[in-house]
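Dear colleague,

Please find below the structure I am passing on to you. My notes on it follow directly after.

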Amino acid sequence: MGNDAPVITMIAWAPDGSCSLGAPGDYTITITATDPDGDPLTYDGSVLGCTGDLDAATSTIACPNAAPYGGTAVVEDDAGNVSVPVEFTVGVCETSSVEP
């Protein structure tokens, strides 16, 4: 029996506090994932045009709020199995989520 790769079930994002077009602001990004073998997970990802890494189940990034920003996230278990990458787009001042 092998060790299966983890699965991202949802990525959600929301601006922290007030938000307006063109005004830099922070966003909270939450990655929900499961591992069929119960292995511990590590998180990795980024949102182009924004600063900060998606390196935990919940991360904070800073965006200039000038346009929508594309991101990609993966999770890895301690056996080295990596999830399918999930792409998403953070809209300006948008609270939303994606369920791959």
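Does Cys93 count as buried, partly exposed or exposed? Please bear in mind that this is a predicted model. Cys93 has a relative accessibility of 27% and therefore counts as partly exposed, since buried means under 20% and exposed means over 50%. Cys93 sits in the loop that links strand 6 (86-90) to strand 7 (96-98). Its backbone deserves a look as well: the phi of Cys93 is positive, about 55°, although the residue is not a glycine.

A positive phi is also found at Asn65, another residue other than glycine, where the value is near 60°. Asn65 belongs to the loop between strand 4 (58-63) and strand 5 (69-77). With a relative accessibility of 1%, Asn65 falls under the 20% limit and so counts as buried.

The next point concerns Asp35 and its surroundings. Asp35 is placed in the loop that runs between strand 2 (25-34) and strand 3 (41-47). Its relative accessibility is 12%, which is why Asp35 counts as buried. The side chain of Asp35 reaches the backbone nitrogen of Asp39 at 3.0 Å. Leaving aside residues up to four places away in sequence, Asp35 touches Asp4, Ala5, Pro6, Leu41 and Asp77.

Ala5, one of these partners, is located in the segment before strand 1 (7-15). Ala5 has 31% relative accessibility and therefore counts as partly exposed. Under the same exclusion of residues up to four places away in sequence, Ala5 touches Asp35, Pro36, Asp77, Asn81 and Val82. Asp77 thus appears among the contacts of both Asp35 and Ala5. In addition, the C-alpha atoms of Ala5 and Ser83 are 5.6 Å apart in space, while the two residues are 78 residues apart in sequence.

Finally, the sheet. An open sheet is formed by 3 strands in the order 3-5-6, with antiparallel pairing. Strand 3 and strand 6 are the edge strands, each pairing on one side only. From one strand to the next, the twist averages 25°. Strand 5 and strand 6 are joined in the antiparallel sense over 5 bridges. Within this pairing, Gly70 has Thr89 in strand 6 as its bridge partner.

Should you wish to start with one site, may I suggest the loop holding Asp35, together with the contact that Asp35 makes with Ala5.

With kind regards

Definitions and conventions:
Residues are numbered from 1 along each chain as its sequence is written. This is a predicted model: local features need pLDDT of at least 70, side-chain atom pairs count only at pLDDT 80 or more; totals for chains, interfaces and linings use all residues. Side-chain values use heavy atoms; hydrogens and water are left out. Helices (H or I, at least four residues) and strands (E, at least two) are DSSP runs, numbered from the N terminus. Buried means under 20% relative accessible area, exposed over 50%, partly exposed in between (1.4 Å probe, protein chains only). A polar contact is a pair of N or O atoms within 3.5 Å; within protein, one must be able to donate a hydrogen and the other to accept it, and residues adjacent in sequence count only if both atoms are side-chain atoms. Contact means heavy atoms within 4.5 Å. Two strands pair if DSSP finds at least two bridges between them. Axes are lines fitted to C-alpha atoms, for helices over the stretch in contact, and angles run from 0 to 180 degrees between N-to-C directions.
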